Amino acid sequence: MLRVASVAPDSIGAELGLLPGTELLSVNGRRLEDFLDWEFLTADDAFVLQARLPSGQELECDIERPEGMPLGVALEPPRIRRCANHCDFCFVDGNPAGLRGSLYIRDDDYRLSFRYGNFATLTNLKPWDEERIVEYRLSPLYVSVHATDPVVRRWLLRNPEAPDIVAQLGRFAERGIRFHTQVVLVPGVNDGAVLERTLADLYRLGAAVLSVSVVPVALTEYSKHTLVQAPTAEQCRAALGAVDRWAARAVAERGYPWCFGADDLYLQANATLPPAAWYGDFEQRENGVGAVRYLQTRITAASGRYEDWTGKRIAIATGTAMAPLMPQVVETLARETGARFEILALPNTLFGESVTTAGLLPGAAFLTALRDRRDLDLALLPAEAVNDDLRFMDDLDAHGLAAQVPVEIRLSYDFADVLANAASAVGQER
Ligand code: SF4
């Protein structure tokens, strides 16, 4: 059921009499299932909408709007598609108790893959899902492949029903859908010859597979360590060898690398990251692929706008994965700003020290690190560590954190964004 969350004042939606709680039933006689139907079917400037008000009254609205004018209707959040798999390395199993409720949801939703770049396995698609991916041209999709050998993939996903991913991607490819793909590297299962086959099969799918990344499996203290282990430095180097071979072939034949190692793979292999230009448009940076080089690019692009930071003492709080890579980023930042930076490499007090990414740090870790730091002028915190309501993993909210530390804090994805939004300081209203 698709329901209205809010209606902007003076909007078309308000003029029609739509209210929060209104059920949106159909457009041009076609039943609305979710936000995708709503967005695609209302893309025209003229259509007929059927809706049911919270009072039970049904409306039929013949809508004609000036070109491009928004309807002013915000929808209630969609019901997330649940995952049909049971991977041994699933992060949900690696969660301790007491986190935000949404962190216990195993989502595997092609709609969010299209919209937000979440990776999906496509193992829970119904025939009508496949049709709408094609009809609405939901492309590119972000797909967790892990292995193209069906037996290995089913083992990794712990899902005997998982379809043959090469055949599935091939069917979509024939109908114009494109993919960014990833392989989460699980040593002893999908590395070595299995990884070679996976990269070869994906390469053979041609232009439909826009990129593939190889990402070392991330485990927490709570993960199933008897069933899955983190790769060693040697195993990471071997995987990087395969990445490099396929990237070299892709550069020679297609003009771009196509196959990428996650920053973490380089880090764990003690290898040097490729230059920024290697990553093109940084299409998988949200997946930790090229994130360091992306940051450096953004910092340099904002060159000349950091005068407020000159002479200041600024802390950059991050996870222990990023911390060893940070000197490269901070060097660029110090050169551009004239500020003095201190990297705070925070261990994850919630998930355990094996969880190293900045985005999974709990609010309590920042609080512990900053509560006595009167010597700092500013602390930059990773914006990916909070959700849309500015809550950290442990439900501490950013304003609550700001009220408890003696230093101004700002949430930042790439440092330059703080400059673009001078009012981004958290708890500034104190
Ligand atoms: S696909 Fe695997 S890792 Fe992802 S949510 Fe499902 S069980 Fe967890």
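Two strands count as paired if DSSP finds at least two bridges between them, and the strands themselves are DSSP runs of E covering at least two residues, whereas helices are runs of H or I with at least four residues, both numbered from the N terminus. What I am showing is a predicted model, in which local features need pLDDT of at least 70 and side-chain atom pairs count only at pLDDT 80 or more, while totals for chains, interfaces and linings use all residues. Residues are numbered from 1 along each chain as its sequence is written, and side-chain values use heavy atoms, with hydrogens and water left out.

Let me begin with β13 and β14. Strand β13, residues 378-382, pairs with β14 in the parallel sense over five bridges, and within that pairing Ala379 has Ile409 of β14 as its bridge partner. Between the two strands the chain passes through helix α13, residues 398-404, in a β-α-β crossover that is right-handed, meaning that, with the strands pointing away from the viewer, the path from the first strand over the helix to the second runs clockwise. Strand β14 itself, residues 408-412, is mostly covered, with four of its five residues buried; here buried means under 20% relative accessible area, exposed over 50%, and partly exposed in between, computed with a 1.4 Å probe on protein chains only.

Helix α12, residues 363-370, has Gly363, Ala365, Phe366, Leu367 and Leu370 as its buried residues. What covers them, through contact (heavy atoms within 4.5 Å), includes β11, β12, β13, α13 and β14.

Now to the nonpolar cores, each a set of buried Ala, Val, Leu, Ile, Met, Phe, Trp, Tyr and Cys residues joined through side-chain atoms within 4.5 Å. The largest has 91 residues, of which Trp38, Leu49, Leu169, Trp258, Trp309 and Phe415 touch the most other members, and its largest share, eight residues, comes from helix α8, residues 233-254. A second, separate core of 24 residues includes Leu361, Leu367, Ala385 and Leu401.

Phe415 deserves a second look, as this residue has a positive phi of about 70° although it is not a glycine. Phe415 lies in the loop between β14 and α14, and is it buried or exposed there? With a relative accessible area of 6%, Phe415 counts as buried.

Arg137 also has a positive phi, of about 50°, again without being a glycine, but Arg137 is partly exposed, at 47% relative accessible area. Arg137 sits in the loop between α4 and β7, and Pro140 is likewise placed in the loop between α4 and β7, where the peptide bond from Ser139 to Pro140 is cis, with omega near 0°.

Elsewhere, four strands form an open sheet in the order β3-β2-β4-β5, with antiparallel pairing, and β3 and β5 are the edge strands, each pairing on one side only. Strands β2 (residues 23-27) and β4 (residues 46-52) pair over four bridges, and Glu23 has Arg52 of β4 as its bridge partner. In the loop between β4 and β5 we find Gly56, which counts as partly exposed at 40% relative accessibility, and whose C-alpha atom is separated by 8.9 Å from that of Thr22, 34 residues apart along the chain.

Finally, the ligand. The residues around the ligand, with a heavy atom within 4 Å of it, are Cys83, Asn85, His86, Cys87, Cys90, Arg106 and Thr121. By class, this shell has three nonpolar, three polar and one charged residues, where Ala, Val, Leu, Ile, Met, Phe, Trp, Tyr, Cys and Pro count as nonpolar, Asp, Glu, Lys and Arg as charged, and the others, Gly among them, as polar.
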